[in-house]
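Good morning, everyone. Please look at the structure on the screen while I take you through its sheet and the elements around it.

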Amino acid sequence: MGEDQVRIIEIKKSVYENNDREAAKLRDELKEKGIFLLNLMSSPGAGKTTTLTKTIEALDSKYQIGVMEADIDSDVDAKKIAECGVKSIQLHTGGMCHLDAGMTRQGLDELVSEDINLAILENVGNLVCPAEFDTGASKNAMILSVPEGDDKPLKYPLMFSICDVVLINKTDVLPYFDFDLDRCRENIALRNPNAKVIPISAKTGEGIEEWITWLAEQADAWIAG
């Protein structure tokens, strides 16, 4: 039993190490091809798809955009994104609660045929599994919605530690929730002092311009090499 337990630990470690290597290889390939990949994560209901549609509307004339929608078993979000006029494909994870680099590569192989330069991965909705697997993305972004509470960075430290930018969504409902924006910023800084924090409301458009500016700057720098 002791040896079996040791083997399980080694197998788990090997899975992460193999994925990290595959992710690094994918990232290098994307850099060479001039394709920027954004990995967008959040809890279910935080507003990923709504924020994504606003992002596409703002950047569709500037980039060739392709979107990968990851879900356990649904194509609802992919259909919504396709209505925005961009290439959208659905990635079913077969019951898994995350995407890894290998799964991401499969989706990109389909998208790259469309001559895209901005790929967006809408990851499976939760704050645990997606944070554990590097997808090979150029940048990681996450959305924290006001109704979830300002203590989420303390409860899910890994997710916040790997993100380059945190969008605090649904600021339009701040008056109705016990959510302290300054305290949330402090909690995020405890986990990741380098993360950029942008309060937004995907519904009203508040803060979207700042988010779009940040994303375009990151994408342009990546694509330019």
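**The sheet and its neighbours**

In strand 5, A141 stands opposite L40. Please bear in mind that what you see is a predicted model. The two residues I have just named sit where strand 1, residues 36-42, pairs with strand 5, residues 139-145, in the parallel sense over 5 bridges.

Let us now consider the sheet as a whole. It is an open sheet of 7 strands, with parallel pairing and the order 3-2-4-1-5-6-7. Which strands stand at the edges? They are strand 3 (87-92) and strand 7 (196-199); each has a single partner strand, so one side of each is left without a neighbour in the sheet. From one strand to the next, the twist averages 20°.

Helix 4, residues 101-112, packs on this sheet and touches strand 1, strand 2, strand 3 and strand 4. The direction of helix 4 makes about 150° with that of strand 3.

I turn next to strand 4. Strand 4 runs parallel to strand 1, and 5 bridges join them; here L38 has I120 as its bridge partner. Strand 2 also pairs with strand 4 in the parallel sense, over 5 bridges, and I65 stands opposite L118. Are the faces of strand 4 covered or uncovered? Both are covered: L118, I120 and E122 are buried on one side, and A119 and L121 on the other.

Finally, helix 2, residues 48-59. At 1.5 Å a residue, its 12 residues should span 16 Å, and its end C-alpha atoms are 16 Å apart, which agrees. Among the buried residues of helix 2 are L52, I56 and L59.

Notes. Residues numbered from 1 in each chain as written. Predicted model: local features only at pLDDT ≥ 70, side-chain atom pairs only at ≥ 80, totals over all residues. Heavy atoms only, no water. Pairing = 2+ DSSP bridges. Helix = DSSP H or I, 4+ residues; strand = E, 2+ residues; numbered from the N terminus. Axes fitted to C-alpha atoms, helices over the stretch in contact; angles between N-to-C directions. Contact = heavy atoms within 4.5 Å. Expected span 1.5 Å × (residues − 1). Buried < 20%, exposed > 50% of the residue type's maximum accessible area, 1.4 Å probe, protein only.
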